[in-house]
Amino acid sequence: MIERYQTPEMRDIWSDEARAATWLRVEIAVCRALSATGVIPPEDFEAIVSGARFDLRRMAELEQVTRHDLMAFVRNVEENIGPAGRWVHYGVTSYDIIDTALALQLTQSLDILFAEAGELKGVIGEIATRHRDTPMMGRTHGVHAEPITFGFKLAGWYAEVSRWEQRLRAAREEVAVGKVSGAVGVHGVLDPGIEAAVCAELGLRPDPASTQIVSRDRHAFVLGCLAGLGATIERFATELRNLQRTEIREVQEGFAKGQTGSSAMPHKRNPWNSETLCGLARVLRGNALAMMESVATWHERDLSNSSAERIVFPDSFHLAHFMLRKLTSILRGLRVDEERMATNLRLMRDLPMSEHVLLALVRAGLSREEAYAAVQRAAARAWAGEDFAAALQDDPVVSSRLYDEQLAECLSLEHHLRNVRHTLRAVGLDAD
């Protein structure tokens, strides 16, 4: 991942140094289990623990010979330990180490995303609560539909992030498995008890049916979750972009002193942060597709997944974390223009309340078709410039069935929004 979209927390997990350190952690766990069963003499295990270390430069030198990064690592560790180093990597295959270490990297990364999603949800909840009664126009197909509140809109976002918290937990559970089952997964060299002991030490479960690798359906599920999370972030960012359009201008990203919106047009304040999130969501989806295509391997494994995974795992977690953090930052600095929302709400005056009039006429005895036609006639006059309420009162079909008080209630914003707080309570937000 290019530095622009890296986060320090993910770099601490996915850097070359961190990856090798995690490999070493797994190798030592295997040695400890072998020592506990008497395979490795106690003095040799002590030498392993005290001397086990690696050097990335030396590993790179050895890889020029081995053409195998894990074996370069093993040789480097072994030469640092001395004679007892012969026990390092005893009875295991490369992916016993790589996939078990990968599970640790994935679970740590998912823990970070879960925490960051919680931060985002908290900020969304604050805005939703603060603006629970701030009326604005709800839009469908990009066209004015019926009034909502800004808090109601954000309550939907709050609920959606809550669902992603659950999915991230499920993804963590999916990949929290290790393997020490050997070259084809049948525990042909080491007893399954070794695998159980190693996984227990590392906080993992043994994969119940691995081959040389942990089956990649698990990993495809995780990257599919990250792509879906990215799609949700893109949805929120797209909404923010639309609400910042000049014709709408109901919210605005924070704009710092000295910030440049356009190199050519000094007046511009572009929603570039939200646009960045939309672009990065596409990369997450592409990475998820690459991982899905890595599920299919030949027989008990091949190497087709390895090259793609070196890219899609670190890149996807860097991006997902960056995107969550960026959206949280955008929302913390978001400027909500309540007056503009009110102005836009009045653009069509009472027309967005047409459904209430339609249903009142149905309750008064008209068929739905008759009621719809009557309200549509009045709406057509309003589109031509007349007042909607006056056009309704002037229509004999409407005026003969609805009192002025009934019509006033139909056109009342307060009446229309009377149940908005129900949604905030339903998603767990303070509505009082």
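Trainee: Let's start with one residue in this predicted model: how exposed is Arg-205?

Mentor: Happy to. Relative accessibility tells you how much of a residue is left uncovered. For Arg-205 the value is 33%, so this residue counts as partly exposed, since that class lies between the buried limit of 20% and the exposed limit of 50%.

Trainee: And with which residue does Arg-205 form a salt bridge?

Mentor: The partner is Glu-173, and 3.3 Å separates the closest N and O atoms. Look at where the two sit: Arg-205 belongs to strand β4 (residues 205–206) and Glu-173 to helix α7 (residues 150–175), which puts them 32 residues apart. Glu-173 is also partly exposed, at 49%.

Trainee: Which residues are joined into one network by salt bridges that share partners?

Mentor: Those are Glu-9, Glu-116 and Arg-325.

Trainee: How many salt bridges does a search of the whole structure find?

Mentor: The search gives 26. One of them pairs the side chains of Arg-86 and Asp-44, at 3.4 Å from N to O. Arg-86 is in the loop between α5 (69–81) and α6 (94–130), while Asp-44 is in helix α3 (residues 42–51), so this pair ties together parts 42 residues apart in sequence.

Trainee: Is Asp-44 buried or exposed?

Mentor: Asp-44 is buried, with a relative accessible area of 13%. Arg-86, in turn, counts as partly exposed at 47%.

Trainee: Where do Arg-421 and Asp-133 lie in the chain?

Mentor: Good pair to click on. Their side chains meet in a salt bridge of 2.3 Å, N to O. Arg-421 is in helix α19 (residues 420–426) and Asp-133 is in the loop between α6 and β1 (135–140), so to speak distant parts of the chain, 288 residues apart. Arg-421 is partly exposed at 26%, and Asp-133 is partly exposed at 47%.

Trainee: Now the whole chain: how many helices and strands does it have?

Mentor: The protein chain has 19 helices and six strands. To judge the overall form, set the radius of gyration beside the globule rule: the chain has 30 Å, well over the 22 Å that the rule gives for 432 residues, so it is more spread out than a compact globule. Its C-alpha atoms fill a box of roughly 100 × 55 × 40 Å along the principal axes.

Trainee: What share of the residues counts as buried?

Mentor: Of the 432 residues, 50% do. On the outside, the chain exposes about 20,900 Å², with carbon and sulfur atoms supplying 51% of that area.

Key: Residues are numbered from 1 along each chain as its sequence is written. This is a predicted model: local features need pLDDT of at least 70, side-chain atom pairs count only at pLDDT 80 or more; totals for chains, interfaces and linings use all residues. Side-chain values use heavy atoms; hydrogens and water are left out. Helices (H or I, at least four residues) and strands (E, at least two) are DSSP runs, numbered from the N terminus. The radius of gyration is taken over C-alpha atoms; the globule rule is 2.2 Å times the number of residues to the power 0.38. Buried means under 20% relative accessible area, exposed over 50%, partly exposed in between (1.4 Å probe, protein chains only). Accessible areas come from the Shrake-Rupley method with a 1.4 Å probe; for residues, only the protein chains shown count as cover. A salt bridge is a side-chain nitrogen of Lys or Arg within 4 Å of a carboxyl oxygen of Asp or Glu.
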